[in-house]
Amino acid sequence: MEKVFRILSTGEEVNLIEYSKKWLADNPSSDFFVGCDSQVKGERIIYATVVVFHEKSKGGHVIYSK
């Protein structure tokens, strides 16, 4: 099963690899950070992964998968 990533502000679905390549090409001085977390709900575990693209003059931009 392939993870589905979405832009946090719009909910638009994006391809993680292609989106990351384009963002970093368009914003070469930016940094990016990856984080993950999980939460137990009954017998289920929900996992979340987040990628934050940070460009010093523009601020942060987040995509996530849940």
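Okay, one definition before we start: when I say polar contact, I mean a pair of N or O atoms within 3.5 Å, where, inside a protein, one has to be able to donate a hydrogen and the other to accept it. Keep that one in your head for Ser-30, because the side chain of Ser-30 reaches the backbone oxygen of Asn-27 at 2.6 Å, inside that 3.5 Å limit.

Also, please remember that what you have up there is a predicted model.

Let me give you the overall layout. The protein chain has one helix and five strands, and if you read along the sequence you get β-β-α-β-β-β. There are 66 residues in the chain, and buried ones make up 23% of them. Taken along the principal axes, the C-alpha atoms fill a box of roughly 45 × 20 × 20 Å. The accessible surface comes to about 5,100 Å², and carbon and sulfur atoms own 56% of that. If you look at contacts with a separation of 6 or more, 38% of them are between residues 24 or more positions apart. And for the charge people: we have 9 positive and 9 negative side chains, with the centres of the two sets 3 Å apart.

Now the helix, H1, which covers residues 16-26. Which of its residues are buried? Tyr-19, Ser-20 and Trp-23. Looking down the axis of H1, those buried residues fall within an arc of 95 degrees, so they line one face of the helix. Go round to the other side and you find Glu-18, Lys-21, Lys-22 and Ala-25, which are exposed.

What covers that buried face? The cover includes strands S1 (5-7), S2 (13-14), S4 (44-55) and S5 (59-65). At the N-terminal end of H1 there's a cap as well: Asn-15 puts a side-chain oxygen 3.0 Å from the backbone nitrogen of Ile-17.

Let's zoom in on Trp-23, which sits in H1. Why do I call Trp-23 buried? Its relative accessible area is 15%, and the cut-off for buried is under 20%, so Trp-23 makes it. Leaving out residues up to four places away in sequence, Trp-23 touches Ser-30, Phe-53, Glu-55 and His-61. Ser-65 is 42 residues along the chain from Trp-23, and the C-alpha atoms of those two are separated by 17 Å.

That takes us back to Ser-30, from the start of the talk. Ser-30 is in the loop between H1 and strand S3 (31-41). Buried or exposed, this Ser-30? Buried, because its relative accessibility is 10%. Again not counting residues up to four places away, Ser-30 touches Trp-23, Leu-24, His-54 and Glu-55. So on top of the 2.6 Å polar contact to the backbone oxygen of Asn-27, the loop residue also touches Trp-23 of the helix.

Last stop, Lys-3, in the segment before S1. Lys-3 is partly exposed, with a relative accessible area of 44%. Setting aside neighbours within four places in sequence, Lys-3 is in contact with Thr-49 and Ser-65. Then there's Gln-39: 36 residues from Lys-3 in sequence, and 17 Å away in space, C-alpha to C-alpha.

To wrap up, the picture I'd keep is the helix with Tyr-19, Ser-20 and Trp-23 buried, Asn-15 capping its N-terminal end, and Ser-30 in the loop that follows, on the way to S3. Happy to take questions.

Key: Residues numbered from 1 in each chain as written. Predicted model: local features only at pLDDT ≥ 70, side-chain atom pairs only at ≥ 80, totals over all residues. Heavy atoms only, no water. Buried < 20%, exposed > 50% of the residue type's maximum accessible area, 1.4 Å probe, protein only. Helix = DSSP H or I, 4+ residues; strand = E, 2+ residues; numbered from the N terminus. Arc of directions from axis to C-beta. Contact = heavy atoms within 4.5 Å. Areas by Shrake-Rupley, 256 points an atom, 1.4 Å probe, with all protein chains shown as cover. Lys, Arg positive; Asp, Glu negative; His and termini not counted. Charge placed at Lys NZ, Arg CZ, Asp CG, Glu CD.
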